[in-house]
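Biologist: Please take a close look at one part of this model for me. I would like the helix packing first, then the cysteines.

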Amino acid sequence: MDKAKVYFTDFRTKIDVPVTKKLQKLIRKAGIGTIDMDGKFVAIKMHFGELGNLAYLRPNYARAVADVVKEQGGMPFLTDCNTLYPGSRKHALEHLDCANINGFNPVTTGCQILIADGLRGTDDLEVPVPNGEYCKTAYIGRAVMDADIFISLTHFKGHELTGFGGTIKNIGMGCGSRAGKMQQHNEGHPHVIEESCRGCRRCAKECGSNAISYNHMRGDRHVAWIDPALCKGCGRCIGACAFDAIENDNASANSILGCKMAEYTAAVCADRPCFHITLITDVSPNCDCHAENDAPILPDVGMLASFDPVALDQACVDLCQKAAPIRSSQLGENLAKPDWHDHGDHWTNSNPNVAWRETLAHGEKIGLGTRAYELITME
């Protein structure tokens, strides 16, 4: 496979030239204008940030991309899928409220926002995974798959499980419905936190497998119980519970998680035009799904764009590895410890239990893209 082209520019600008204009110049140079968008639905996948987190990308960047799409005759919308864990984005109503509070709405972004997997995270399509080894099919939010064209807009940062959160993480995990996230994160089943259960039976009504009963007693009250022999692991009950009383903590090994994310990304991107944009800024040590963000571990690096998601993530990794760690950060403090074992890369030094190389290697193996790239710098 030939080297992929990855376009890069830093955040330096001239007087009276906004960074958003520079971003638009970059994506045009990278070839977004070669995509026929006239009269077509264009999904722009991004993360709206958890409430309490301030590291997520500003809505101004989404507006810049949406405006370019509209200039080319496309009909853009911003999208993401609901989360598997309890938080401020576990169903569409909360998710839209969270997005609005964090600044994402039609006025600020110039386009509508759709939660791709619907109200409860169950509106998905089962999509074939090209060359899938861990997942033969993927459960993807319906609105993502209904779009004619797919664009990813990614905040590149650290991650406590996958090492870094880049394009593949944004697409693969982010576009998975609740069932899709279950499939990637674990091979097990959710369970009930008995002390939190109110016995409302909402989860049982949502369950499509008749796996939830209320014969189990805690003290003087009935609480839900999930039969693992009947449970299919779809995660619908997690979204149904309004009291955060159901969870799943049987996680896959991080290396397998990364491979599954690559396969889900392949399912999303197959057989339609795709374009990918990444900003390396506010490089927090953990995911934007956290309700907080620790200090950046690295300085701001720049903005990148490519048609190849694997090459784009590899280029981001390489640029970040060249950056000096910020001393007053999780990474800097780890490296300053006298007994610290230097793992040789920023991601593992920041979160020692992660696995990230497998994601890129597997993405290349299944034909999602290539790790070999040519970095083209734009002033």
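Modeller: What follows covers one helix pair, then the cysteines, then one glycine. Bear in mind that the model is predicted.

Start with helix H10, residues 254–269, and helix H14, residues 357–365. Their axes come within 8 Å and cross at roughly 35°. The crossing of H10 past H14 is right-handed. On the H10 side, the contact is made by Ser255, Gly258, Cys259, Met261, Ala262 and Glu263. On the H14 side, Glu358, Thr359, His362 and Gly363 meet them. By class, this contact has 3 nonpolar, 5 polar and 2 charged residues.

Now the cysteines. The whole structure holds 0 disulfides. Take cysteine 98. Its closest cysteine sulfur belongs to cysteine 289, and the two sulfurs are 9.8 Å apart, so they are too far for a bond. A disulfide needs the sulfur atoms within 2.5 Å. Cysteine 98 is buried, at a relative accessible area of 1%. Cysteine 203 has its closest cysteine sulfur in cysteine 200, at 6.3 Å, which is also too far for a bond. Cysteine 203 is buried, with 6% relative accessibility.

Last, glycine 332. This residue lies in helix H12, residues 330–336. Glycine 332 counts as buried because its relative accessibility is 12%, under the 20% limit. Leaving aside residues up to four places away in sequence, glycine 332 touches Ile326 and Arg327. Threonine 167 is 165 residues from glycine 332 along the chain, and their C-alpha atoms are separated by 25 Å.

Methods: Residues are numbered from 1 along each chain as its sequence is written. This is a predicted model: local features need pLDDT of at least 70, side-chain atom pairs count only at pLDDT 80 or more; totals for chains, interfaces and linings use all residues. Side-chain values use heavy atoms; hydrogens and water are left out. Buried means under 20% relative accessible area, exposed over 50%, partly exposed in between (1.4 Å probe, protein chains only). Axes are lines fitted to C-alpha atoms, for helices over the stretch in contact, and angles run from 0 to 180 degrees between N-to-C directions. Helices (H or I, at least four residues) and strands (E, at least two) are DSSP runs, numbered from the N terminus. A crossing is left-handed if the near helix is turned anticlockwise from the far one by less than a right angle, and right-handed if clockwise. Contact means heavy atoms within 4.5 Å. Ala, Val, Leu, Ile, Met, Phe, Trp, Tyr, Cys and Pro count as nonpolar, Asp, Glu, Lys and Arg as charged, and the others, Gly among them, as polar.
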